[in-house]
Amino acid sequence: MSRPIPRSGLRVQLAVVAALVRRALNEITRVPGAAIPGVIAPTIFVVGLSSVFGQADRLEGFGPVDFTTFVVPVGFLQAAGFTGAATGVNLARDIERGWFDRLLLCPAPRLTVLAGVVASAALRCLLPVTFLFVVAMLIGVDFPGVDAVVVALPLIAGLASALACFSVALALRFRTQQAAPLMQMGSFVGVLFTPAYAPPELLAGWLAVVAGVNPVSRILAGVRQGFVGDVSWAETWPALLAVAGLILAFGALAARGLR
């Protein structure tokens, strides 16, 4: 009699996560054309806004930083958003082709499958972030410091993971790539209603209220450290807490969809 395959062994779970991450990264080299838009879009956004609104930093109360430096961290969050949405679209494609149903038969808990899909988003977002960072340095943005980079990278990867959970939940709910606009809208709205284009002090009306309660605003403030002001624990811990909260909330939705 054959022995049953253990579904809860740590080695099996890690192997499944590693295989899913490797598969997602292989898509970049095998189909580079599909990855190019998500890589260059945040950079085009930053360069385009800087060209049109580059004099906005002359407004009273904007602060001593130039507008290009101010919006570069917004581009990082958009890179996380594009990656998270692409993760959900890719999963919906796998569902349509029947590959995901076969994946659920692997000898590992379903939450391990979710962890592998989300971990791939956390790593894939580093590609557009690196591209934007290099371009930002070339066009004159000052290096924010090693401590700022060490703080920003986990926050960006964490936001990509949270938005990947959101997109995965939608993919599991609708089971079609036609839900892609909803996946992209979630990340777009989350970043838009923050102090993305002006300091919080210059926001007014309902936008100031929404930006004040939006958890992505805390993440943006954490990523902006070094670019705008110094790195401090007072800005870092709320950003880490916001990332953790989003991952738990959207992760619970995705886990419910898997069941």
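In the predicted model, the largest cavity has a volume of about 170 Å³. Its lining comprises 15 residues, and those closest to the centre of this cavity are Arg23, Ala24, Asp94, Val117 and Ser120. Two or more lining residues are contributed by each of helix 1 (10-30), helix 3, helix 4 (99-103) and helix 5 (110-124). The lining of the largest cavity is mixed in character, with seven nonpolar, four polar and four charged residues.

A search of the whole structure returns two cavities of 30 Å³ or more, and the second largest has a volume of about 30 Å³. The second largest cavity is lined by Leu91, Phe100, Val113, Leu114, Val117, Val168, Leu172 and Leu258, and by class these residues comprise eight nonpolar, no polar and no charged. At least two residues of this lining come from each of helix 5 and helix 7, with helix 5 giving the most, namely three residues. Val117 is among the residues closest to the centre of the largest cavity, and Val117 also appears in the lining of the second largest cavity.

Turning to the open sites, the largest pocket has a volume of about 510 Å³. Of the 20 residues that line the largest pocket, Ala34, Ala35, Gly38, Ala86 and Arg124 lie nearest its centre. Helix 1, helix 2 (32-53), helix 3 and helix 6 (126-138) each provide at least two residues of this lining, and the largest share, seven residues, is that of helix 3. Classified by residue type, the lining of the largest pocket consists of 13 nonpolar, four polar and three charged residues. Helix 1 and helix 3 thus recur in the description, as each gives two or more residues to the lining of the largest cavity and at least two to that of the largest pocket.

The second largest pocket, with a volume of about 370 Å³, is likewise lined by 20 residues, and Pro200, Leu220, Ala221, Arg224 and Glu235 are the ones that lie nearest its centre. The elements that supply two or more residues to this lining are helix 10 and helix 11, and helix 10 accounts for the largest share, with five residues. The lining of the second largest pocket divides into 12 nonpolar, three polar and five charged residues.

Helix 10 (residues 215-224) was examined further and is mostly covered, seven of its 10 residues being buried. The buried residues of helix 10 are Val216, Ser217, Ile219, Leu220, Gly222, Val223 and Arg224. Two of the names in this buried set, Leu220 and Arg224, are also found among the residues nearest the centre of the second largest pocket. The cover over the buried residues of helix 10 includes helix 3 (67-97), helix 7 (146-174), helix 8 (180-192), helix 9 (205-213) and helix 11 (233-258). Helix 11 is therefore listed both in this cover and, under the definition of lining residues as those with an atom within 4 Å of a point, among the elements that line the second largest pocket.

Local features were also noted at the two ends of helix 10. At its start, a side-chain oxygen of asparagine 214 comes to within 3.0 Å of the backbone nitrogen of valine 216, and valine 216 is itself one of the buried residues of the helix. Just after helix 10, glycine 226 adopts a positive phi of about 95 degrees.

Key. Residues numbered from 1 in each chain as written. Predicted model: local features only at pLDDT ≥ 70, side-chain atom pairs only at ≥ 80, totals over all residues. Heavy atoms only, no water. Buried < 20%, exposed > 50% of the residue type's maximum accessible area, 1.4 Å probe, protein only. Helix = DSSP H or I, 4+ residues; strand = E, 2+ residues; numbered from the N terminus. Contact = heavy atoms within 4.5 Å. Polar contact = N/O pair within 3.5 Å; in protein donor to acceptor, adjacent residues only side chain to side chain. 1 Å grid on protein atoms, 1.4 Å probe; cavity = no way out; pocket = protein on both sides within 12 Å on 5 of 7 lines; lining within 4 Å. Points joined across faces, edges and corners; volume = space filled by probe spheres on them. Nonpolar A, V, L, I, M, F, W, Y, C, P; charged D, E, K, R; others polar.
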